[in-house]
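Let's walk through one structure together, starting with a single helix and then stepping back to see how the chains meet. Have the sequence and the 3D view open as you read.

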There are 4 protein chains.
Amino acid sequence: MKPFKMASREYRESDTIIEIKTAAQPVIIGEGYCTIIAGPCAVECRESYIEMAKLLQAAGAHILRGGLFKPRTSPYSFKGLGSPGIDIIREARRVTGLPVATEIMDVRDLDVLYETTDILQVGSRNMQNFSLLQEMGKLDKPVLLKRGLSATIEEWLLAAEYILNGGNDKVILCERGIRTFETYTRNTVDIGAVPLIKHLSHLPIMVDPSHATGKWYMVAPVARAAIAAGADGIMVEVHQDPDKALSDGKQSLTPENFRKTIKELEDLAQLGKKQFGGFSNGKSN
Amino acid sequence: MKPFKMASREYRESDTIIEIKTAAQPVIIGEGYCTIIAGPCAVECRESYIEMAKLLQAAGAHILRGGLFKPRTSPYSFKGLGSPGIDIIREARRVTGLPVATEIMDVRDLDVLYETTDILQVGSRNMQNFSLLQEMGKLDKPVLLKRGLSATIEEWLLAAEYILNGGNDKVILCERGIRTFETYTRNTVDIGAVPLIKHLSHLPIMVDPSHATGKWYMVAPVARAAIAAGADGIMVEVHQDPDKALSDGKQSLTPENFRKTIKELEDLAQLGKKQFGGFSNGKSN
Amino acid sequence: MKPFKMASREYRESDTIIEIKTAAQPVIIGEGYCTIIAGPCAVECRESYIEMAKLLQAAGAHILRGGLFKPRTSPYSFKGLGSPGIDIIREARRVTGLPVATEIMDVRDLDVLYETTDILQVGSRNMQNFSLLQEMGKLDKPVLLKRGLSATIEEWLLAAEYILNGGNDKVILCERGIRTFETYTRNTVDIGAVPLIKHLSHLPIMVDPSHATGKWYMVAPVARAAIAAGADGIMVEVHQDPDKALSDGKQSLTPENFRKTIKELEDLAQLGKKQFGGFSNGKSN
Amino acid sequence: MKPFKMASREYRESDTIIEIKTAAQPVIIGEGYCTIIAGPCAVECRESYIEMAKLLQAAGAHILRGGLFKPRTSPYSFKGLGSPGIDIIREARRVTGLPVATEIMDVRDLDVLYETTDILQVGSRNMQNFSLLQEMGKLDKPVLLKRGLSATIEEWLLAAEYILNGGNDKVILCERGIRTFETYTRNTVDIGAVPLIKHLSHLPIMVDPSHATGKWYMVAPVARAAIAAGADGIMVEVHQDPDKALSDGKQSLTPENFRKTIKELEDLAQLGKKQFGGFSNGKSN
């Protein structure tokens, strides 16, 4: 017997399809769609973020990343703008019309983040922060749950179960690489997690090829691999000037590489009969 | 250059010695001492916990474990008594005169736990819960920081750095096994972490042989190994009736096995010229 | 400085392209091609192997697998037919006109295998059997070098270096999954190894999605991921009746699933501008 | 049901005790004894090896290490003296009266090594070289089987099973550290393997703290931990001038540190009621 229930295929046969309302047509995440979340690792300043948001929209991204609170291994690293950055995110949303995904690290930030963002992201290091998961379960907003850096598939689905069991059925899983002995790369993408999650669960699964590899020249190949394996989308880091990024520069695509990559993913989505862009065609959750 | 500063040997040459006041003589954790923290995985009911506390005191334990909030992989597992258990811990402390160590999972529980416990434990899954670490940095109470289940030594010391950098210099590290490919055991004890931490840092290091192995018959050998390798103490699970424990029964020692083990550790401490019992002889932090 | 030399991009800028002669047009493995090696895990009996060989040829496989010596974790498992199976391989080659790849485990089998097979396979467990690697370096025959189950990319390239340095430049790397903590799958495919090897080395890289996953329903998605990530081909297990296979049944495709998968890979190869089938168009090593 | 049979406790209840004849009293490896194998990683030249052998004998080592064939990750590293070193080993044996353990990498070296050495060592990288294991099974000489760098306990016991099943019951297991994500140390010693092997099997188990840690200052603490956990002995690297060693210098003890360590191990052996020195007191296999 599997220890997860509500997250299992047995509990719900049809795929969970998550709809995010926007001023224009809704953005969809789930089986049959291919949805791109893109942005810099962290919001660094108003001007560059708004510029980037416009670039990403023009290039075809469907959802913006906008990190304000950054979990950092060292207390001496840049930890994000925090609450003062919220107005920047609001502006980016208004200017582009795109929804925004933002990481939440502390239950005490929930009020302010709930109002501002369309997808709440629970990061890898908080995948088993059960207090946070329980709060996520009380919301009616999509939660993107990144896999813990050495979490088994079962533990990951049990973390999702905390949210589902709390009453929120809008959970998006995101594979972001696991920790192995390999030292050339930051993490090791578990590409098999894509078909395995599709087999065990009805929840959508995306892949983050940026954190997973830590090297920009691996991002496009791994993004293509994810879509070819059946992932429902990609979460990717883009930065105008990766060498000057305050965090994760080495793994960020330039806008030019992003445009090239998104074209390749569009072709793969078509081959896999996935609707690229994740825009609604009338199906709903 | 090492990324951690205040946690390093270079920053502080002499070993950090932590003193916990009690009604009788203070209990000490640090180089030159061998200190035993023991108790059931979770406080399950008043009667059995008080009985166990007395048994452990009689057997020679120096600090009690008393888990009220238990991080559990599945939302369907027993999660501890929560706040209602606090009176039980208070009673155990009063009856035995021993200090108590309790896990904190949520910053919102801090007020109530601060008053009740002598050591706040940050569990493995929260080792990189940076919000929680920052709160720990504001306290004047010892924090026992368990190693994350796939944390590198460097990440672990950086987590300690968050607490030290916040202003709290009473950090105790606790190796509790790391995740590997091995499936016979729950985790793999990294015994080399003991001499490595002693080499890199001035902080005390203890070992939890119960979670690390998941099998009661491995607990005593691994506890002996820890002391022989130079660890400053052991954190161990004991249960009157392991088969009926609501959590972690398989890895709990019976009171009888605990008495036998504590005798072996006492002999090893003597051989290693460590003061067993962790009682003060006038040295202080 | 990288410790491998002859295997590096710096040593040889242009991609290594390996040509395998057949009665008809040569089969090619290398950048710009997409080549499929298929067959049962082990040759079990003459009749079924010849039948399978014909099925695979008809379905579009370019090279046959034909295991005679099987490394088995337990001494009590089926270890392959050994030398008596050589006539079966010869017959399959003659009947289909396809080249054959066979694993070599012991230098003492080299004489008999050298005559019979077109590609010598060094298995995962022998990736650091340096005596065997040195013998492979003396040959003028392609060697397919599987990655050790916990080998780093660097160790893998150094194993290739043993063969190159010995004088044989026909080395094909094959990612077959690494060992991690995950227990749902047999191994974890390191899909990032594909772009990383392409970045670091000029050698061709293939992926074995069968051993890597251990589950037949993951084979096609992972095979597609490999080609989309830029791999030069796939090595896959097919069995007429997977439930009755003497080894690795659970991860074998049925002939019908193989036909479906090969069609998907052909589409991906076309999208990636790779010549499917690995047949020569005049380019050579 | 466990997949290993002859290696299991169920098959043989009493501990396997292995006796190595010498000109003087026999050296014993097994439960109730604590036996020290020591020497440089590789025999480098006649003069220094003979000098070292005498030093080790005087310090109390019971068995000499004498590596002639060294498995090296890179083809450009020193691979040992090979057969020309055999006379040096013979001389060391004659001069000290101590038995010698030597690694075998290739079945073709068996004849020459069989005559020269008292214990044949199968290294970590060859733990699943099944051809080599099968040859070891045909001998009447002790085989020291190192654990593969990512081998499970079960796979290790199955490798032992190959030797036992072939007819040789003189198998000594040696834990030498497994590969994990940790980068400060060369490997991670699985200290829990000691009580686990004692629980599952009747075979002796030793620990190699040198390869396991890769740092000389961790060697003594881990060696003490091994004996305290119940290991039957230690295999340790000693070098007159570690900084000038052709291999593994960083993890080698100086003769002075070795003398200090051996004294500590003697005390621990006494505490654990193990006969230090591994000399026979009349018991036999």
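## A helix to start with

Helix α1 of chain A covers residues 46-59, so to speak 14 residues, and reaches 20 Å from its first C-alpha to its last. That is close to the 20 Å expected at 1.5 Å a residue (the expected span is 1.5 Å times one less than the number of residues). Helices here are DSSP runs of H or I with at least four residues, strands are runs of E with at least two, and both are numbered from the N terminus.

A quick word on the model: it is predicted, local features need pLDDT of at least 70, side-chain atom pairs count only at pLDDT 80 or more, and totals for chains, interfaces and linings use all residues. Residues are numbered from 1 along each chain as its sequence is written, while chains are lettered from A and ligands numbered from 1 in the order in which they are written.

## Two sides of α1

Which residues of α1(A) are buried? They are A:Tyr49, A:Met52, A:Ala53 and A:Leu56 (buried takes 20 or more other C-beta atoms within 10 Å of the residue's own, exposed 12 or fewer, partly exposed is in between, and C-beta atoms are placed from the backbone). These buried residues sit on the same side of α1(A), because they cover an arc of only 105° around the axis (the arc is that of the directions from the helix axis to the C-beta atoms). An α-helix has 3.6 residues a turn, so residues three or four places apart point the same way.

The buried residues pack against β3 (33-39), β4 (63-65) and α2 (86-96) of chain A. Flip to the other side of α1(A) and you'll find A:Glu47 and A:Ala58 exposed. Right after the helix comes A:Gly60, with a positive phi near 110°.

## Where chain A meets chain C

Now for the neighbours: 32 residues of chain A are in contact with 32 residues of chain C (contact puts the C-beta atoms, placed from the backbone, within 7 Å). On chain A's side, α6 (193-200), α8 (216-229) and α9 (255-271) each give two or more residues, and α8(A) gives the most, with 8.

Chain A can be laid on chain C by a turn of 180° and a shift of 0.0 Å along the axis, with an RMSD of 0.0 Å (superposed by least squares on C-alpha atoms of residues with pLDDT of at least 70 in both copies). That is the relation of a two-fold axis.

Methods: Two residues are in contact if their C-beta atoms, placed from the backbone, lie within 7 Å.
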